Amino acid sequence: MSRKALYSAIFAAIYLFSVSCGSTKSSDNNETTTSPETTDISSEVSETEVPPPSIEAVDCGGRDYVILNRQHGEYSYPFAEILSEEENGDTMNDAVWERNLYIEEKYNLNLVSYEVPTGNLLSTAKQTILSGDSTYDLIMPMISDGFSLAMEGCLTDISSLPHIDLGNPWWVDSMISDTSIGGKNYIICGDINVSVLNAVGATFFNKNLAEELGVGDLYQIVRDYQWTLDKMTEFARLASYDVNGNAEVDSGDRFGLDCSTFAWQPLFYGTGSSMITKDENDIPHLSWDTEHNLTALGKIVSLLNERATTICVNHYSEFSSDLGGATFSLFSNGQALFFSEVMYGAMQLRDMQDDFGILPLPKYDDSQDSYYSYVHTNNSSTSCVPITNSDLDLAGRLLEDMAYKSYTTVRPAFYDVALKVKYSRDDESAEMLDIIYDNINIDLTLVMNRSGLTIDNTLRSAMQSGATDLVSLIAGQKSACEAIIDRNVETILNLEK
């Protein structure tokens with residue numbers, strides 16, 4: 001179900017404003033430090049526009065309600081989704097603080113955020129839950145980690161939670177339906193999970209270079225539904241230039257596309273493709289080798305391995321210690337026309353001297369009905385209830401109320417203030433963002449990448465090695481992948497509610 005029309009009406013009423021703020025990225029740890037952004041203009045959606053859910057409060061007697069979540073601060077995860085100890089003038093912090101205060105006052109409890117390093121969240125949650133420890137009332141693992149926890153029997157099926165209405169606009173209904181198996185789902189994504197919004201795929205482009213090359217109005221090309229993989233490739237080839245004049249392709253040259261092997265993900269899913277499809281009973285099946293998928297992957301592999309056109313940093317040993325940082329540096333230095341990344345890239349480009357714009361992911365071809373977006377499953381969170389939580393009634397109340405209040409405060413703070421004003425550089429990019437966020441989907445192929453399915457690793461390796469015979473590559477792994485998917489499906493179906 002598209003939420004574009006509803007969001008457009010709501011966000012039209014939200015005041016946009018300019019903010020002044022500095023950002024620095026450490027080359028040692030890739031962390032981003034952002035100074036507070038202040039304003040006296042509210043970025044909320046009023047209750048007259050979106051009424052709150054009809055959930056009565058219960059008195060929790062001042063107890064702590066502990067939520068286990070990922071430590072924020074990294075460039076891919078800059079915003080705390082739960083932690084906010086006080087108002088400090090930072091737009092995102094204050095939106096989270098206001099949401100938390102609403103919950104704490106309504107239910108007479110204290111929201112406690114327990115943050116652990118990214119690499120420790122899965123093991124911490126698993127060890128605690130399987131030992132019967134009920135310390136954590138909610139957990140917010142990454143999407144792929146959440147599925148892995150579900151496989152271990154650590155999570156409660158969301159259908160068991162009362163008070164939650166997945167038809168409300170504060171839930172990302174497409175992602176919830178995409179990740180279900182046989183009607184069962186243990187992970188739920190909504191506006192509580194601002195990291196989901198921050199990990200949506202996009203295409204950045206250098207406006208100065210686009211004008212120099214005479215590629216035309218890229219925004220209008222998007223509006224005309226002509227923004228395709230072939231069009232991206234055509235323009236990317238125009239940008240290739242031997243800057244240092246040594247008649248060799250090296251990292252000092254200018255390129256059409258800047259990326260890492262990770263780029264197969266956003267580029268592939270922008271074509272409306274999926275490697276796992278589901279039947280009428282909501283049972284997943286591998287569809288890796290369909291003609292559509294092979295054609296899309298063939299175009300992507302060709303583009304990423306066209307050395308004079310694309311600088312894929314995995315192909316250069318000098319970037320091996322910091323692949324992500326290299327892609328940002330190359331684009332910021334004006335060495336590429338396009339940059340394939342996810343939305344948190346906009347924050348890292350704030351100090352870029354050249355102007356940049358934001359476009360949707362390119363389509364498969366002109367006949368594709370709309371633009372599609374995808375979410376990075378290892379850098380976006382989900383909301384889960386551990387099986388050790390015995391009060392499912394309260395869990396359902398809090399999740400629905402927190403999602404609602406996040407929809408009216410946190411989402412506008414991120415989408416309309418941070419993203420559309422602070423990080424975007426023109427009104428057209430803001431228009432493109434509405435297109436990007438209108439159609440978000442997720443493939444179980446990526447959701448299962450922490451549960452034995454190796455398709456992502458296989459394709460990244462193929463991009464890095466320059467493999468071109470995808471038919472043979474896929475045929476050689478098809479049976480093993482089908483067995484893993486069948487095992488995962490059987491495990492989920494056999495879990496008790």
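Biologist: Let's start with Asp 217: is that residue buried, partly exposed or exposed?
Modeller: Asp 217 counts as partly exposed because its relative accessibility is 43%. The cut-offs are under 20% relative accessible area for buried and over 50% for exposed, with partly exposed in between (1.4 Å probe, protein chains only). Those areas come from the Shrake-Rupley method, and for residues only the protein chains shown count as cover.

Biologist: Any ground rules for the model itself?
Modeller: This is a predicted model, where local features need pLDDT of at least 70 and side-chain atom pairs count only at pLDDT 80 or more, while totals for chains, interfaces and linings use all residues. Residues are numbered from 1 along each chain as its sequence is written, and side-chain values use heavy atoms, leaving out hydrogens and water.

Biologist: Thanks! Where is Asp 217 found?
Modeller: Asp 217 sits in the loop between α7 (207–213) and α8 (218–223). Helices (H or I, at least four residues) and strands (E, at least two) are DSSP runs, numbered from the N terminus.

Biologist: And which residues gather with Asp 217 in the patch of negative charge?
Modeller: Asp 224, Asp 427 and Glu 428 join Asp 217 in that surface patch. Patch members have over 30% relative accessible area and no salt bridge, and like charges are joined within 9 Å; for nonpolar side chains (Val, Leu, Ile, Met, Phe, Trp, Tyr) the limit is 5 Å. Asp and Glu count as negative, Lys and Arg as positive, and His and the chain ends are not counted. Each charge is placed at NZ of Lys, CZ of Arg, CG of Asp or CD of Glu.

Biologist: Okay, salt bridges next. How many does the count come to?
Modeller: The count comes to 17 salt bridges, each being a side-chain nitrogen of Lys or Arg within 4 Å of a carboxyl oxygen of Asp or Glu.

Biologist: Give me one that links distant parts of the chain.
Modeller: Try Asp 137 and Arg 63, whose closest N and O atoms are 2.8 Å apart. Asp 137 is in the loop between α3 (118–130) and β5 (138–140), and Arg 63 is in strand β3 (residues 63–70), 74 residues apart. Asp 137 is buried at 8% relative accessible area, whereas Arg 63 is partly exposed at 30%.

Biologist: What about Arg 254 and Glu 212?
Modeller: Their side chains meet in a salt bridge at 3.4 Å, N to O. Arg 254 lies in the loop between α9 (229–239) and β7 (255–259) and Glu 212 in helix α7, so the pair ties together parts 42 residues apart in sequence. Arg 254 is buried, with a relative accessible area of 13%, while Glu 212 is exposed at 59% relative accessibility. Glu 212 and Ala 239 are 9.4 Å apart in space, C-alpha to C-alpha, and 27 residues apart in sequence.

Biologist: And how far apart in helix α17 are Arg 460 and Asp 456?
Modeller: Arg 460 and Asp 456 are 4 residues apart in helix α17 (residues 455–465), which means about one helical turn separates them. Their side chains form a salt bridge of 3.2 Å, N to O. Asp 456 is buried at 6% relative accessibility, and Arg 460 is partly exposed with a relative accessible area of 25%.

Biologist: Switching to strands: which residues of β12 are buried?
Modeller: Both faces of strand β12 (residues 356–359) are covered, with Phe 356 and Ile 358 buried on one side and Gly 357 and Leu 359 on the other. Strand β6 (residues 201–206) runs antiparallel to β12, joined by 4 bridges, and Asn 206 has Phe 356 as its bridge partner. Two strands pair if DSSP finds at least two bridges between them.

Biologist: Which way does β6 run relative to β11, parallel or antiparallel?
Modeller: Antiparallel, with 5 bridges joining β6 to β11; Phe 204 stands opposite Phe 339 in β11. Strand β7 runs parallel to β11, with 3 bridges, and Leu 257 has Phe 338 as its bridge partner there. In β11 (residues 336–342), 7 of the 7 residues are buried.

Biologist: Last topic, backbone. Which residue has a phi near 80°?
Modeller: That is His 163, a positive value in a residue other than glycine. Most residues other than glycine have a negative phi. His 163 is in the loop between α4 (143–151) and α5 (173–178) and is partly exposed at 32% relative accessibility. Tyr 225 also has a positive phi, about 60°, and lies in the loop between α8 and α9.

Note on methods
Areas by Shrake-Rupley, 256 points an atom, 1.4 Å probe, with all protein chains shown as cover.
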